[in-house]
Amino acid sequence: MTETPSTPGQALAHDVIVIGSGAAGLTAALELAETKRVLVLAKGSLTGGSTAWAQGGIAAVLDAGDTFENHVRDTMVAGAGLNDRETVEFVIERAPASVDRLCELGVPFNRDEDALHLTREGGHSHRRIVHVDDATGWAVQEALLNAAEASPNITMLGARTAIDFITDRHREQFSAAGRVWGVYALNEETGRVERHVARATVLAAGGAGRVYRFSTAPRGATGDGIAMAWRAGARVSNMEMMQFHPTCLYNLEVKNFLITEAVRGEGGHLKHPETGHRFMVDYDAQRMELAPRDVVARAIDDQIKRYGLDYVHLDISHQPADFVKEHFPTIYDKLFGLGIDMTREPIPVVPAQHYTCGGVVVDLYARTDLPGLWAAGECTESGLHGANRLASNSLLECFVFGEAAASDILTMWDELEEPPAILPWDESRVTDSDEEVVIKQNWTEIRRFMWNYVGIVRTTKRLERAKNRIDLLMKEVDDYYGAFRVTTDLIELRNLLQSAQLIVRSALARKESRGLHYTLDYPETDETEEPRDTVLVP
């Protein structure tokens, strides 16, 4: 159900607040709502997060020839040893049950007669991806939203931009203890800041992909949750591990359209657009196009830079036309509308930022460092992905950790105190901005230098240049933030810049190349000691 608060100035109380309306947030909300009153807050629309954009599917061991150990091994290999094995086993062993629950919610997964149809993607040793054509995320998002809207205990408020967590510092009786009691959020329609308080808060605000110029992430993926948690005192980890999807459509009019991993999984070839050479044989002769994403993305990046190309070709036209249309109807229709018939000609593709593998540190109960705050999904670093996310493990992580957060909150419920009296948002010293151009200029500058200096291939000199620009912009944005009323654009700029700083600090701290972090100054992986997470402490 949805509702509108009646009095803008009052603190609005619920049992639990969930920030984010994607797979992780709604999974937590649905379980909590069986006995608690849950508020779900979403920036922009309730379907604006990354879940709806996921084309691939959900990885789960469902085939008779597959095992949990195979899935664990594939995940660890993709993660370059930086994964936490206990976390990997925890998630993978719960995958079949997660798929069963989605079936119960009515997600219409593709089937071969009675059995679920399983596809294969890069880095997987077996077919284990359940999917709904090539638009799995949208089907999952729709099923979860329908279930949430039908629940009398769930209130969903869109057009709410979270600003900062309400902590003990915001109590009427000040305390430095650091417990989270909810969130200050901007009502995008009224321009007023609301106080939302609860005994427990679940952060499921997505990743920080829009810090880059080219990204498959939705417009709102500006690292809000990661930046908010950092400012409140939570540790973040492995922010240098930013995944770039190898195959985003190259089109000057259509931005950010992803060509799913499954196109390569079903036989697509990567080729030099002028010579037709199938170049993956030069980079990973055994796995070719089915190598992990970091390997494929670096190969494409190398081809583009080495030969001065704008793009490379992804070609599946050697497969029967009916096979291509049946497996990839969404992509086929989109490309056909742009004048590209993928059953007869290759698709021009470039790499683009795709997934934030680092984030807020959480344990197996989805607990953060901050009492009263749990987190799940792309804004977290749980230990599942390590130095590189295996394809289709991301939605799976959302379901498992969304459920873990809800379960832990319910178990601890009697120990969770009622929220104290909280101070209202202070607007006494600010005015409306008349310089919106400053925000747009800084936004563009951040995304451009992050792409050029902190992209697929890095150097210490480039990272230091990015750090110097961030240091200058930090002061400028802080001054601006302190002087003017908040807007969604200003909140996002502040969070985007904070996320960029965390990425650069983490990248400078890792003196090796591992997984998604590849630097020309330290091109080898350090094998002399156990792999270590890059953990930043506020």
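1. The lining of the second largest pocket is made up, by class, of 15 nonpolar, 4 polar and 7 charged residues. The model is a predicted one, and every value in this note is to be read with that in mind.

2. The space in this second largest pocket comes to about 560 Å³. There are 26 lining residues, and those closest to the centre of the pocket are R213, F214, V350, P351 and W451. Four elements give two or more residues to the lining: the strands β15 (242-249) and β18 (347-356), and the helices α8 (293-307) and α12 (436-453).

3. Two of those elements, β15 and β18, also belong to an open sheet of 4 strands. The strand order is β15-β18-β17-β16, and the pairing is antiparallel. At the edges stand β15 and β16 (269-271); each has a single partner strand, so one side of each has no neighbour in the sheet. On average, neighbouring strands here are turned by 45 degrees against each other, direction ignored.

4. The partner of β15 deserves a separate remark. β15 pairs with β18 in the antiparallel sense over 6 bridges. Within this region, M242 stands opposite T356 of β18.

5. A last point concerns I470, which is in helix α13 (residues 460-483). Is I470 buried or exposed? Its relative accessible area is 1%, and buried means under 20%, so I470 is buried. Apart from neighbours within four places in sequence, I470 is in contact with F449, L497, A500, Q501 and V504. V535 lies 65 residues from I470 along the chain, and the C-alpha atoms of the two are separated by 20 Å.

Terms used
Residues numbered from 1 in each chain as written. Predicted model: local features only at pLDDT ≥ 70, side-chain atom pairs only at ≥ 80, totals over all residues. Heavy atoms only, no water. Buried < 20%, exposed > 50% of the residue type's maximum accessible area, 1.4 Å probe, protein only. Contact = heavy atoms within 4.5 Å. 1 Å grid on protein atoms, 1.4 Å probe; cavity = no way out; pocket = protein on both sides within 12 Å on 5 of 7 lines; lining within 4 Å. Points joined across faces, edges and corners; volume = space filled by probe spheres on them. Nonpolar A, V, L, I, M, F, W, Y, C, P; charged D, E, K, R; others polar. Pairing = 2+ DSSP bridges. Axes fitted to C-alpha atoms, helices over the stretch in contact; angles between N-to-C directions.
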